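Me: Could you take a close look at one part of this model for me, the helix with the kink and the turns around it? Start with the chain as a whole so I know where I am.

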Amino acid sequence: MVTAAEPLRLPRAARIRHLGPNWYAAVMGTAVVASAGVALPGPVHGPHGVFAAVWALSLLLLLTLLAARARHWSRHRDQARAHLLDPAMAPFYGCLAMALLSVGGGALTAGRELVGTRAAVALDTVLFPTGTVIGLGAAVAVPYLMAVRHRVDAAQATPVWLLPLVAPMVSASVGPLLVPHLPPGQPRETLLLACFALFGLSLLAVLVMLPLIFARLLTGGPLPLALTPTLFLVLGPLGQSTTAVALVADAAPGVVPAPYDRGLDVFAVLYGVPVMGFALLWLGLATAHVVRARRRGMGFSLTWWAFTFPVGTCVTGAAALARHTGLAMYDATATGLYGVLVAAWLAAAWGTVRGLLSGELPAAPRPAPVAPESGTARTRSGAAR
């Protein structure tokens, strides 16, 4: 994402050279505003048109970025390869998969009223498998590159490392939406259990990575100011996994045999309640770090998009628990978090548009400060973008 230092104003012709895969975070953050809005408890018929319009904006952003990134690979292949070999940028290739998946899933929730069910299913039929294949590729390739080419150490761990590992979890929460549109029998059951397998794949990988990030935070001091918003990325696998198991359980009746359908429904609650509790704990911790960073001069950077999609997954996770438990506290949690999501999206979108208009974005990469902050930080984190 953008760097801790003030971004340079680049000539218009050179700006696309620095258009990295991190820009797909804007697509994810926009799509989740629509999807999370539709998932809110209570009647949504009034603002449903607004959610559809936001989804349409996310689709437009996705198409624009896909075209721009194709041009980037065509004209600046050296920079594109450098992104893959940069430990600070390579994890963002998971964002490409999640952008495809979030827009595809949003077509079946928020966008269906705008484009119709048939077009929404057709669009997700393309975006879901494409995003899933790319996500699985990133989940393997990025950790492989980190092991054999990037030469990272534990002191460089940041929540950005989670991005390629979370992509299969997004597939796990989008896939169940397609299950009713498949022929009955094995096609439906195969897709549903494949989504459950993607849930497990991503969850175990995240559980391996999270201790590194938490240990780095406790022993290495606060992250550099520009990277502090990435602490919100930890909410992504927490909220998304809660959403995924709930949607798998919702689709299970009539698809998987008894008693497994009922077992999935029970598991959705037994898993989701404690995980959502930890998500709220982490939200408080991450917020405290952001407040501290803001007081020390943290300005806008593209890392602010980390405030959007992860919070949106917590909205859908809390809304799912509200459906499965009937508890009003989860209704209130989902509604309150959605207010946070909208405020975060407005702040990130405004900062991004202002940066594009001023010529400061896309910004050339600069290394993040490696010297400790006065009196507190002890970080050795790598470059931020």
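Reply: Of the 385 residues in the protein chain, 56% are buried. Keep in mind that this is a predicted model. The chain has 13 helices and 0 strands, so read along the sequence the pattern is just α-α-α-α-α-α-α-α-α-α-α-α-α, given how helices and strands are assigned from DSSP runs. Take the contacts with a separation of 6 or more: 83% of them are between residues 24 or more positions apart. On the outside, about 15900 Å² is exposed, and carbon and sulfur atoms supply 69% of that.

Now the part you asked about. Helix 9 runs over residues 186-220, which is 35 residues. From its first C-alpha to its last, helix 9 reaches 50 Å, close to the 51 Å expected at 1.5 Å a residue. There is still a kink in helix 9: about 25 degrees at M209, shortly before the proline P211. Right after helix 9 comes G221, with a positive phi near 85 degrees.

A little further along the sequence there is A226, and its C-alpha is separated by 8.0 Å from that of F300, 74 residues away along the chain. F300 itself is found in the loop between helix 11 and helix 12 (309-325). With 25% relative accessibility, F300 counts as partly exposed, because that value falls between the 20% and 50% cut-offs.

While we're on backbone oddities, a few other spots are worth a stop. Most residues other than glycine have a negative phi, and most peptide bonds are trans. R151 is not a glycine, yet its phi is positive, about 55 degrees. You'll find R151 in the loop between helix 7 (117-150) and helix 8 (163-178). Is the residue buried or exposed there? R151 counts as exposed, with 62% relative accessibility.

Then there are the cis peptide bonds. One joins A258 and P259, with omega about 5 degrees, and P259 is in the loop between helix 10 (235-251) and helix 11 (260-295). Another goes from L361 to P362, where omega is near -5 degrees. P362 lies in the segment after helix 13 (328-358).

So if you go back to helix 9, the places to put on screen are the kink at M209 and G221 just after the helix.

Terms used
Residues are numbered from 1 along each chain as its sequence is written. This is a predicted model: local features need pLDDT of at least 70, side-chain atom pairs count only at pLDDT 80 or more; totals for chains, interfaces and linings use all residues. Side-chain values use heavy atoms; hydrogens and water are left out. Helices (H or I, at least four residues) and strands (E, at least two) are DSSP runs, numbered from the N terminus. Buried means under 20% relative accessible area, exposed over 50%, partly exposed in between (1.4 Å probe, protein chains only). The expected span of a helix is 1.5 Å times one less than its number of residues. The bend at a residue is the angle between axes fitted to the seven residues ending there and the seven starting there. Contact means heavy atoms within 4.5 Å. Accessible areas come from the Shrake-Rupley method with a 1.4 Å probe; for residues, only the protein chains shown count as cover.
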